[in-house]
Amino acid sequence: MNFFEFLQQNWLELFALTREHLFLVFVSTAFAVLIGVPLGILLTRRESLQTPILGTANILQTVPSLALFGLLIPLPFIGGIGAKTAIIALALYSFLPVIRNAVTGIVGVDPKIKEAATAMGMTDGQILKMVELPLALPVILTGVRVAVVIAVGVATIAAAVGAGGLGTYIFRGLRQNDNNLLLAGAISSAVLALVADFAVGQIEKIYALDVRRNKTAQRKRIFILVSAAVLILTIFTLPFVLNFKSEISNPAIANQTIRVGSKDFTESIILAEILAQSLERCGVAVERQFELGGNLAHNALLAGQIDVYPEYTGTAFTAILKRQPLTDAAEVYRQTRREYAERFDLDLSPPLGFSNDFAILVRGEVARKNNLKTVSEAVPLSKNWQTGFGQDFMSRADGYAGFSRAYNFNFAKQPREMDLSLTYRALAAGQIDLIAGNSTDGLIAALDLFQLVDDKKYFPPYQAVFIARGDKSETLRETFAKLENAISTDEMRRLNYAVDGEKLAPKVVAAQWLK
Amino acid sequence: MRPRKSNVKMFYQLPKSIRIFTMAEESPIIVEFRAVNFEIGAAKILDDINLQIHKGEILILLGESGCGKTTTLKLINRLIEPTSGEVFIEGKATTSWDTIILRRRIGYVLQEAGLFPHFSVAENVALVPDLENWDAAKKRERTAEMLELVGLNPQKFADRYPHELSGGQRQRVGVARALAANPDLLLLDEPFGALDAITRVNLQKEFAALVKDLGKTAVFVTHDLHEAFILGTRICLMDKGRIVLNDTPENFRQSDLPLARAYLETILATEFTETTEKFKKNSITRK
């Protein structure tokens, strides 16, 4: 599928994401301006506050965006997942240029003019309103312009906390190794940044001194700008007004809506989609809150922001309950289920039938040449291998440290810690030699990778289950029963490949499977 | 401008300002400095200033930069407050006045006019009337009157912006703005300093006539003795934060104070320059 076909098929979603993106940027910039400009004015009145406040804004801006999102998640009221957190993070980023330009603009007004204003008997408020703000406006607007461009860029990260936006395509593209998605996300956000920059630049021009003096020219520019804004809004909103009318109009089932979440990788999305569609077939209203990064899904479940999401027993047992890894699948399931009920009032569904274990992968050609079958056989060859692992594998209890100890690996080079989805690509390209992937990953076959057998049974079993809030288990029970043992490992690998390899939408793949 | 040109000439050519001065001596005191000191940190900017300014006077504060003349001026409309001592306006200490009311009663003109660049000429002139909530018709009328008074055609200039004016025109607007709310007292901080010689001399003369005509009191800061002679009914020579001479222009000429003598030395050169300027101006008008 080439890029244009992709756009043809997905333009509606692309528009939706663009609209979300615009919404995030607009609201966060509005916040930054509403708080930042008054703060900037205050700083010109109380100079002693300048260093601490500008310093804080400065520090905020140097915090890497992903880290800032992460730091906000556990906070009450302002944290959590979704648009709210994203808007707060974006606003924090936008503060610095807004505040700094407000201060610079106001301080930069010719002192002679301020002296004249004071000497004419203007009050401080009148000087601010009639002299300082109008004269500082071009500088303040430049700050807003910078803030908007920063916000458009940083908002792509917002997808990691479930706020949507064009970052969704970028993250998904990275994960699924799909250039069309990557391009669509990246180009759209770049275009958006340029358009936003241009638009605020036009507002800046309206308030430039020479245009302000010419009322007709100013009115003309305002008219053009407002028409352009209305046109853009219509383009991005109209398809949804037409499309979504039917979906909202069923208040009867709205109160028993089930909010289905998923983690941010293909398999989790497919499973969540299968669950969502099964529920919809039973007449249950579903709200999708997919692609939550890291442990967000679990936190969102605890916080009541979602009701159910797909998880793996091994992950729940080691990463969330912080227990030592066990190898007996049934035992892990039993203990996890009991502890989840006791500690979190969360319910585990019956196993779905497959498990997604860690898969130690090498290039197929390397495996064939050296006749490798098991991990132990690879140990003697591996001295000069470069390994690469996802952040998750590097840090978890059953991850890298224990694994290399159990097999007596002695890698000469430090493992590369990188995005999990990128390790497949790097392995296939020969840049790294051994990775820890997921056994159900469709890319294994697609990229001609070979899974070495875990002959020392180091990795605990990762049976797929759904985890649901206790108060929703009644509604979900019937659907959970239908999905018990319904998906085999091979089947799951095929479903994953349909999405990652054949580039079908998870929605479509799930619907086909349910038939 | 409709000043009586003959008046200006007489006033300038025959500096018998003693007569005017004695008249002023009997009029009420508008501004009075009593033992005023002004310090910034350890630096003494003004040292024991005592000064009375009578209604109808044009008092010149003369001195080199840093002598405290601008500081003295700013104490009058309370842009700054004395470290010790008191400044009285119409018999009331500046610190007991409502600052805003005080300032709106005093016209203020500064170098480069200090016009608001985003206000038209008319808006600049009507600034204080606007702050005082005059009604629109009265404001318009007053603005036109003021522009007329300073020699600018209201039809032509009211809707222009400061950047479209020459330096001299801007300064005229500055004077019109200061006069708009009809204050009795005008403060001027080297208003003509940045203008070219011909424009400066013209404005100085017109201004002198105008102030006398309107019966205003004015305090005028300059470092140019020539300007002081053209405009002043009294000259206050300042040095290192003190008033070293406070007398009529006539008596200033006779003074044997070294600093006064040094100033008088400069005036020969200036007078020469001015004759040349006059000649030039005539030749230009003839073309």
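## Exercises on a predicted two-chain model

In this predicted model, 16 residues of chain B are in contact with 17 residues of chain A, where contact requires that the C-beta atoms of two residues, placed from the backbone, lie within 7 Å. Local features are given for a pLDDT of at least 70, side-chain atom pairs count only at pLDDT 80 or more, and totals for chains, interfaces and linings use all residues. Residues are numbered from 1 along each chain as its sequence is written, while chains are lettered from A and ligands numbered from 1 in the order in which they are written.

**Exercise 1. Describe the side of chain B that touches chain A, by element and by residue class.**

Begin with the elements, which are DSSP runs numbered from the N terminus, helices being H or I with at least four residues and strands E with at least two. Helix H4 (99–104), strand S6 (106–110) and helix H6 (127–131) of chain B each supply at least two residues of this side. Next, sort by class: the side has 10 nonpolar, 3 polar and 3 charged residues, with Ala, Val, Leu, Ile, Met, Phe, Trp, Tyr, Cys and Pro counted as nonpolar, Asp, Glu, Lys and Arg as charged, and the others, Gly among them, as polar.

**Exercise 2. Judge how confidently chain B is predicted, and locate its weak stretches.**

Start from the overall scores, an ipTM of 0.80 and a pTM of 0.70 for the model. The pLDDT, the predictor's confidence in each residue from 0 to 100, has a mean of 82 in chain B, and 84% of the residues of chain B reach 70 or more. Among the elements of chain B, helix H5 (residues 121–125) has the highest mean pLDDT, 93, and helix H1 (residues 5–13) the lowest, 40. Then turn to the weak stretches: pLDDT is below 50 over residues 1–24 of chain B, a stretch that nevertheless has 35 contacts beyond near neighbours in sequence, and below 50 also over residues 283–287 of chain B, which have 0 such contacts.

**Exercise 3. Work out the order and pairing of the open sheet in chain B.**

The sheet has 4 strands in the order S2-S1-S4-S5, and the pairing is antiparallel; two strands pair if DSSP finds at least two bridges between them. Its edges are strand S2 (43–54) and strand S5 (92–93) of chain B, each of which pairs on one side only. Moving inward from S2(B), one finds that 8 bridges join S2(B) to strand S1 (residues 29–40) of chain B. Glu39(B) stands opposite Lys44(B), a residue of S2(B).

**Exercise 4. Examine helix H10 of chain B for its length, its burial and what follows the helix.**

Helix H10 (residues 197–214) of chain B has 18 residues and reaches 26 Å from its first C-alpha to its last, close to the expected 26 Å, a span taken as 1.5 Å times one less than the number of residues. For burial, a residue counts as buried if 20 or more other C-beta atoms lie within 10 Å of its own, as exposed if 12 or fewer do, and as partly exposed in between, the C-beta atoms being placed from the backbone. The buried residues of H10(B) include Val201(B), Leu203(B), Phe207(B) and Leu210(B), and also Arg200(B) and Lys212(B). After H10(B) comes Gly215(B), whose phi is positive, near 70°. For the chain as a whole, 44% of the 287 residues of chain B count as buried.
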